[in-house]
Amino acid sequence: MARRVFVDMDGVIVDFAAYMQSSGLTAAEIKRQPGAYLAMPPIDGALEAVRSVVDLGFEVWIATKPPTGIAYAYADKAAWIFQHLPELERRLIITHDKGLLGDAGDYLCDDRPHRANCANFPGTLLAFVDGFHWPQALAVLRGVKQAE
């Protein structure tokens, strides 16, 4: 069985911050705006990076936390994946608890390691903070494959 990599959306492949800046809305306003998640741009190089992880032989899943109580955000996040990463349309997990995902051999790419119970993810958390992003994550994952 291939090792799995669970990839968060906002801040990892979706540029929530750029959308917030260009729209002039607060994060809270964006979360309540129908269509906002679907309208957000991908982070430069992120889609290619996700596809590189697939090419390395990992089983890639999108694992995203929706804003609580905003039903259309779930659909918008799914539609974003269908549009930008259609090859992962059957590998989408929408959850408030990422600690329930995976096992010791798996990886979680997330920019908010203090949220959605990421601290209890049983595998390796690749925290996209403090300058760590796709170039560094790809280096880690390539190293894993080379060591196998």
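How far apart should the ends of helix α5 be, given its 14 residues? This is a good place to start in what is a predicted model. Helix α5 covers residues 71-84, and at 1.5 Å a residue the expected span is 20 Å. The C-alpha atoms at its two ends lie 21 Å apart, which agrees with that expectation.

Now look at which parts of this helix are hidden. The buried residues of α5 are A73, D76, K77, A78, W80, I81 and H84. An α-helix has 3.6 residues a turn, so residues three or four places apart point the same way. Among the elements that cover the buried residues of α5 are the helices α3 (36-39) and α4 (46-55), together with the strands β2 (59-64) and β3 (92-94).

Let us follow one of these residues, I81, inward. Setting aside neighbours within four places in sequence, I81 is in contact with M9, I13, I62, P86, L88, E89 and L92. I81 also belongs to the largest nonpolar core, a group of 38 residues in which V7, I13, I62, I81 and W134 touch the most other members. Elements giving two or more residues to this core include β1 (4-7), α1 (16-23), β4 (107-110) and α6 (134-147), as well as α5 itself. There is also a second, separate core of seven residues, with I93, L101, L108 and F121 included in it.

Next, turn to α4 and α6. Their axes come within 10 Å and cross at roughly 5°. Angles under 35 degrees count as roughly parallel, so α4 is roughly parallel to α6. On the α4 side, A46, A49, V50, S52 and V53 take part, and they meet W134, L138 and L141 of α6. Seven of the residues in this contact are nonpolar, one is polar and none is charged.

W134 leads us on to two more residues. C109 sits in strand β4 and is buried, with a relative accessible area of 0%. Beyond four places in sequence, C109 touches V5, F6, V7, D8, V12, L126, F128 and W134. One of these partners, V12, lies in the loop between β1 and α1. V12 counts as buried because its relative accessibility is 0%. Leaving out neighbours up to four places away, V12 is in contact with V7, I43, A46, C109, D110, D111, F128, H133 and W134. Finally, V12 and L126 are 114 residues apart in sequence, while their C-alpha atoms are 11 Å apart in space.

How values were computed:
Residues numbered from 1 in each chain as written. Predicted model: local features only at pLDDT ≥ 70, side-chain atom pairs only at ≥ 80, totals over all residues. Heavy atoms only, no water. Helix = DSSP H or I, 4+ residues; strand = E, 2+ residues; numbered from the N terminus. Expected span 1.5 Å × (residues − 1). Buried < 20%, exposed > 50% of the residue type's maximum accessible area, 1.4 Å probe, protein only. Contact = heavy atoms within 4.5 Å. Core = buried A, V, L, I, M, F, W, Y, C linked by side-chain atoms within 4.5 Å. Axes fitted to C-alpha atoms, helices over the stretch in contact; angles between N-to-C directions. Parallel < 35°, antiparallel > 145°, perpendicular 65-115°, else oblique. Nonpolar A, V, L, I, M, F, W, Y, C, P; charged D, E, K, R; others polar.
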